[in-house]
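Work through the exercises below with the coordinates open. Each task is followed by its solution.

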Amino acid sequence: MSVLGLCGPARAQVPAAPAAQQTPPAENVGNQVLHILVGHSVVIRTDPRLQRVLVGNPAVVTTATTAPNEVVVTATAAGSSSVVLWQENNQSRIIEVFADVDVSLLREAITRGLPGEAVEAESEEGRVVLTGVASSTAVADQIGKMAAPFSKEIVNSIQVAQPHRQKQVLLKVRFAQVDRRKLTAFGINLFSTPGAPIFGSAGTQQFTPPQLVNNGGSGGSSGGTGANNSTIGLSDLLNLFVFRRDLNLGATIRDLQQRNVLEILAEPDLLAANGEPASFLAGGELPYPVLTGTAGQATVTVQFKPFGVKLEFTGTIESDNIIRLKVRPEVSSLDF
């Protein structure tokens, strides 16, 4: 119960007027606003004595005079009412009383059940007004349901906070199968003719080197040495053949470009949230039976083993925007 004192200006006492003289009308000193929770009371005291008390809406507010200058105002239901006080000093006071729903238990429930939510619950007569910012739509709806038992009129003005943009990692993956035998189809052979100071040949063994045959003993022209009296036999397709007559030095280079050396098996694009794992599997799962139990009571269960092109990765974005990746690739195939 609260106590409200209404003090008027002090006045000097004056002699009583003759009986035949008319009493002047009461002077209104202004309106006052008073909010009372439903089920609570407020004590109003005045300096002058009270003559009369009038309640505009008795269904909302009731009064009880407990002393010549004291009145108790009680809010019995949600709503509003005017209370008029007439005093002996020929003044009247009008108090606008608003009986509001008690939402203290609702505030405690929000604080206890949803800590950290910046939501306020206020009451305006019979209405419950919810304001603030909720972290999600589900939280705002839940608070609205919590306020339903307190009033039939709920003004839900809760705003939903904009979600933070979560960082994501996009990983472009290319699974390729390389034929190593075809990649080694690059080689070079060096050779010198018999007329050079040093006779010999060297190569990378990727293809057959040229065959050198000396024609000095044949029926052709004689008296010369070197490449003029030798025949160079080529038994393999060449990309490049170089020979310097002045040095009696030659070279053959082979660099074959063939198709299907690099075969793309899969080209997935994996998108995952920061710190969350992501996986990709291009293939299938092979069922195989597993025998469990003891002799005479054995049971057969079917398990599945994935096969094919598989990739698992977890990307973490650091504070300096550096991406740290944990990648686990795997390529498997059936052996039957």
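**Exercise 1.** Which residue of strand 11 stands opposite G132?

Solution. Keep in mind that the model is predicted. Start from the strand pair: strand 10 covers residues 127-134 and is joined to strand 11 by 8 bridges. The two strands run parallel. Now look across from G132: I158 in strand 11 stands opposite.

**Exercise 2.** Place strands 9, 10 and 11 in their sheet, then find which strands stand at the edges.

Solution. Order first. The 3 strands form an open sheet, 9-10-11, with mixed pairing. Edges next. Strand 9 (118-124) and strand 11 (153-160) each have a single partner strand, so one side of each is left without a neighbour in the sheet. Last, the twist: from one strand to the next, the average is 10°.

**Exercise 3.** Which strands does helix 1 touch, and which does helix 2 touch?

Solution. Take helix 1, residues 104-113: this helix packs on the sheet and touches strand 9 and strand 10. Its direction makes about 170° with that of strand 9. Then take helix 2, residues 137-147: its contacts on the sheet are strand 9, strand 10 and strand 11. The direction of helix 2 makes about 160° with that of strand 11.

**Exercise 4.** Trace the pairing of strand 23 with strand 22 and with strand 24.

Solution. Strand 22 (residues 277-292) pairs with strand 23 (residues 299-317) over 16 bridges, in the antiparallel sense. Here P289 has V302 as its bridge partner in strand 23. Moving on, strand 23 and strand 24 (residues 323-332) are also antiparallel, joined by 10 bridges. G308 is bridged to S332 in strand 24. Finish at the hairpin of strands 23 and 24: 5 residues lie between the strands, and N321 takes a positive phi near 65°.

Technical notes. Residues numbered from 1 in each chain as written. Predicted model: local features only at pLDDT ≥ 70, side-chain atom pairs only at ≥ 80, totals over all residues. Heavy atoms only, no water. Pairing = 2+ DSSP bridges. Helix = DSSP H or I, 4+ residues; strand = E, 2+ residues; numbered from the N terminus. Axes fitted to C-alpha atoms, helices over the stretch in contact; angles between N-to-C directions. Contact = heavy atoms within 4.5 Å.
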